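Please open the model in a viewer and keep the selection tool at hand. The tour below proceeds from one selection to the next and describes what is found at each stop.

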Amino acid sequence: MYRLLSERTSHDELLVYGYDLDQNLIYIADNLDDGKFIQTVWSLDELEKGYWTMSNAYSFWTEVRFLKPIQNINYAIHVEQIITAMENYLNSSETYELVRNQKYDFGMQAIQRIFTDIEQAALVGEALDSRVFHLLYEHKLLMELRLSYLMEKKSIIERDSTFMELSTILKQDYFKLRNIDLKYNITRDASTFSKISERLQENLMKEKAFISSFITRFQQVKSMA
């Protein structure tokens, strides 16, 4: 068990949400069930063994951090930061990273790698990584929720049902794309590859247009501030 802990925490963070000193138990949560995020219980001894087997050149990957809520904090929405983030994503601009020991793709440019994966899988009849397509769908889902929050809760931008509908349609388009990928992975029907590529290209074009409009609206907000 400690070996599994060592492998997991060397690549991502492990959440410890409680402990029982009398029973020598630690309560943790992580993607431990074939990628599924679960809650489970380990012994404190296993946790300690797992921790001491970790070795990494970057200390912030192996350090232990204690998190607790801070009281009486005002969280402001920074419109300029939102604009910059959206522009970086749209233009594939380089963003700040703590570790730079390999080459990175950013924003829309990173998504272009999916087309290469599709072509390679088509040659050998392999399954496509469904997590990629689900991530794209969840990205649009979060964008829809945040846009709704900014309109309905904070009134940062003017309420616009048509604009919200475009966001929902974009989310649904990526949801359909993910389902087509899942279908291919079951049927292995080679004709599905062209459909996946075409759908992805169409979705990206819609997304670029939507984000450009998104940025324009926020720039108007900024100019009136």
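Which residue in S3 is the bridge partner of Asp30? Select Asp30 and look across to S3: the partner is Ile38. Please bear in mind throughout that the model is predicted.

**First stop: the sheet**

Extend the selection to strand S3, residues 36-43, which runs antiparallel to S2 and is joined to S2 by 7 bridges. One further pair to display here is Ala29 with its bridge partner in S3, Gln39.

Now add strand S1 (residues 15-20) and the full extent of S2 (residues 25-33); these two strands pair in the antiparallel sense over 5 bridges. Two pairs can be picked out. Val16 has Ile28 of S2 as its bridge partner, and Gly18 stands opposite Tyr27, also in S2. Between S1 and S2 lie 4 residues, and the two strands form a hairpin. Select Asn24 in the turn of this hairpin: its phi is positive, at about 60 degrees.

With the three strands shown together, the view is of an open sheet in the order S1-S2-S3, with antiparallel pairing. S1 and S3 are the edge strands, each pairing on one side only. On average, and with direction ignored, neighbouring strands of this sheet are turned by 30 degrees against each other.

**Second stop: the helix across the sheet**

Keep S2 and S3 visible and add helix H2, residues 44-52. H2 lies across both strands and runs at about 110 degrees to S3.

**Third stop: a helix pair**

Next, select helix H5 (residues 113-124) and helix H8 (residues 192-224), whose axes are 10 Å apart and which pack at an angle of about 175 degrees. Because of this angle, H5 is roughly antiparallel to H8.

Show the side chains where the two helices meet. On the H5 side, select Ile114, Phe115, Ile118, Ala121 and Ala122. On the H8 side, select Phe193, Ile196, Ser197, Leu200, Gln201 and Leu204. Colouring this contact by class gives 9 nonpolar and 2 polar residues, with no charged residues.

**Fourth stop: a pocket**

Which residues lie nearest the centre of the second largest pocket? Select Ile82, Ala85, Met86, Met143 and Arg146, which hold that position among the 15 lining residues. The space in this pocket amounts to about 520 Å³.

Two elements give two or more residues to the lining of the second largest pocket: helix H3 (79-91) and helix H6 (130-153). H6 supplies the largest share, with 7 residues. By class, the lining of this pocket comprises 11 nonpolar residues, 3 polar residues and 1 charged residue.

Notes: Residues numbered from 1 in each chain as written. Predicted model: local features only at pLDDT ≥ 70, side-chain atom pairs only at ≥ 80, totals over all residues. Heavy atoms only, no water. 1 Å grid on protein atoms, 1.4 Å probe; cavity = no way out; pocket = protein on both sides within 12 Å on 5 of 7 lines; lining within 4 Å. Points joined across faces, edges and corners; volume = space filled by probe spheres on them. Nonpolar A, V, L, I, M, F, W, Y, C, P; charged D, E, K, R; others polar. Pairing = 2+ DSSP bridges. Axes fitted to C-alpha atoms, helices over the stretch in contact; angles between N-to-C directions. Parallel < 35°, antiparallel > 145°, perpendicular 65-115°, else oblique. Contact = heavy atoms within 4.5 Å.
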